[in-house]
Amino acid sequence: MSRPAISGILFDKDGTLIDYQASWAPTNLKAGRLAARGDIELAARLLTVAGVDPATGYATSDGLLASGNTEDVAQAWAEAGAPFDAAELTDRLDTLFQSAVVAAVPVCDLAALFASLAGRGLVLGIASSDSETAVAATAERFGLEPHLSFLCGYDSGHGAKPGRGMVDGFCHATGLLAVAVAVIGDSTHDMHMAAAAGAGLRIAVLTGAGSAETLRPLSHLLLPSIATLEQALFD
């Protein structure tokens, strides 16, 4: 395939910028306990519903906690017996997830990568199923803010993945056409979002909960991580 000329890159956050299992396994277990109000058996059931191993906290490929947003998780858990209504549980989980930013493990030197990409003239953004507050905190922690033209979460008003709205929001904010945008993510939600929006390049990475088997058919490029992104795009 001849690649389109790419002027902008829209990154997913968890599993793409952040090593998902290394960063989120402990938080997933905390989320299950929170939602179950400490009931160990209920927490195990809720985590299983969300595609998480209740012993390790590791998420299965494209499970709800790995690829869904907080509202999705809260609704599923409320329906599965969590002693909260979905709205209250969403708020409580968002607070927990925001606190997890301090423990996030980056997949590479993110500030150096973003600086290098921006130095090539690329317009950069982040689109996450986490909250906008958590996305902004992550960008601040890793020194990405100077290089970002756009960031959004599930609650930013662009809709949720796998809908196309976050890509449309990036294009509206930057003036780019979707065909000039590369979308990079670790889940099928990311790839479906990119396809729905007509993004020029769909790049999948294996630093999240998605598998090569599910991601390869949906992506133009499949990379071990964004650490090899510049080599793949420019060498």
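Author: A nonpolar core is a set of buried Ala, Val, Leu, Ile, Met, Phe, Trp, Tyr and Cys residues joined through side-chain atoms within 4.5 Å. Keep that in mind as we look around this predicted model.

Reader: Which residues have the most contacts inside the largest nonpolar core?

Author: They are Ile9, Phe11, Leu17, Leu144, Ile203, Ile226 and Leu229, in a core of 28 residues. Two or more residues come from each of E1, H6, E2, H7, E4, E5, E6 and H11. Helix H6 gives the most, with 4 residues.

Reader: What does Leu229 touch?

Author: Setting aside residues up to four places away in sequence, Leu229 touches Ile9, Phe11, Leu117, Ile184, Ile203 and Leu223. A second core, of 26 residues, lies apart from the largest one, and Leu42, Ala43, Leu96 and Phe97 are among its members.

Reader: Why would such residues gather at all?

Author: In soluble globular proteins, nonpolar side chains tend to be buried together.

Reader: What makes strands E3 and E6 the edge strands of the sheet?

Author: Look at the order, which is E3-E2-E1-E4-E5-E6 in an open sheet of 6 strands with parallel pairing. E3 (148-152) and E6 (221-223) each pair on one side only, and that makes them the edges. From one strand to the next, the twist averages 20°.

Reader: How do you know that E1 and E2 pair?

Author: Pairing takes at least two bridges, and 4 bridges join E1 (residues 8-11) to E2 (residues 123-127). The two strands run parallel, and Ile9 stands opposite Leu124 in E2. E4 and E5 meet the requirement as well, with 4 bridges in parallel. There, Ile184 has Ile203 as its bridge partner in E5.

Reader: What makes E5 count as mostly covered?

Author: The count does: 5 of its 5 residues are buried. Leu201, Ile203 and Val205 point one way from the strand, while Arg202 and Ala204 point the other way.

Reader: Is Lys13 buried or exposed, and how do you know?

Author: Buried means under 20% relative accessible area. Lys13 has 2%, so Lys13 counts as buried. This residue sits in the loop between E1 and H1, and its contacts farther than four places away in sequence include Trp24, Ile126, Asp130 and Thr138.

Reader: And what about Ser219, buried or exposed?

Author: The value for Ser219 is 12%, under the 20% cut-off, so Ser219 is buried too. Ser219 is in the loop between H10 (212-215) and E6. Beyond its neighbours within four places in sequence, Ser219 is in contact with Met191, Arg202 and Ala204. Ala204 is 15 residues away along the chain, yet the two C-alpha atoms are separated by 6.0 Å.

Reader: How are helices H1 and H5 oriented to each other, roughly parallel or roughly antiparallel?

Author: Their axes cross at roughly 150°. Angles over 145 degrees count as roughly antiparallel, and H1 and H5 are therefore roughly antiparallel to each other. The axes come within 10 Å, and the crossing is right-handed.

Reader: Which residues meet where H1 and H5 pack?

Author: Trp24, Thr27, Lys30, Ala31, Leu34 and Ala35 in H1 meet Leu89, Arg92, Leu93, Leu96 and Phe97 in H5. You have seen two of these names before: Leu96 and Phe97 are among the residues of the 26-residue core.

Key. Residues are numbered from 1 along each chain as its sequence is written. This is a predicted model: local features need pLDDT of at least 70, side-chain atom pairs count only at pLDDT 80 or more; totals for chains, interfaces and linings use all residues. Side-chain values use heavy atoms; hydrogens and water are left out. Axes are lines fitted to C-alpha atoms, for helices over the stretch in contact, and angles run from 0 to 180 degrees between N-to-C directions. Buried means under 20% relative accessible area, exposed over 50%, partly exposed in between (1.4 Å probe, protein chains only). Contact means heavy atoms within 4.5 Å. Angles under 35 degrees count as roughly parallel, over 145 as roughly antiparallel, 65 to 115 as roughly perpendicular and the rest as oblique. A crossing is left-handed if the near helix is turned anticlockwise from the far one by less than a right angle, and right-handed if clockwise.
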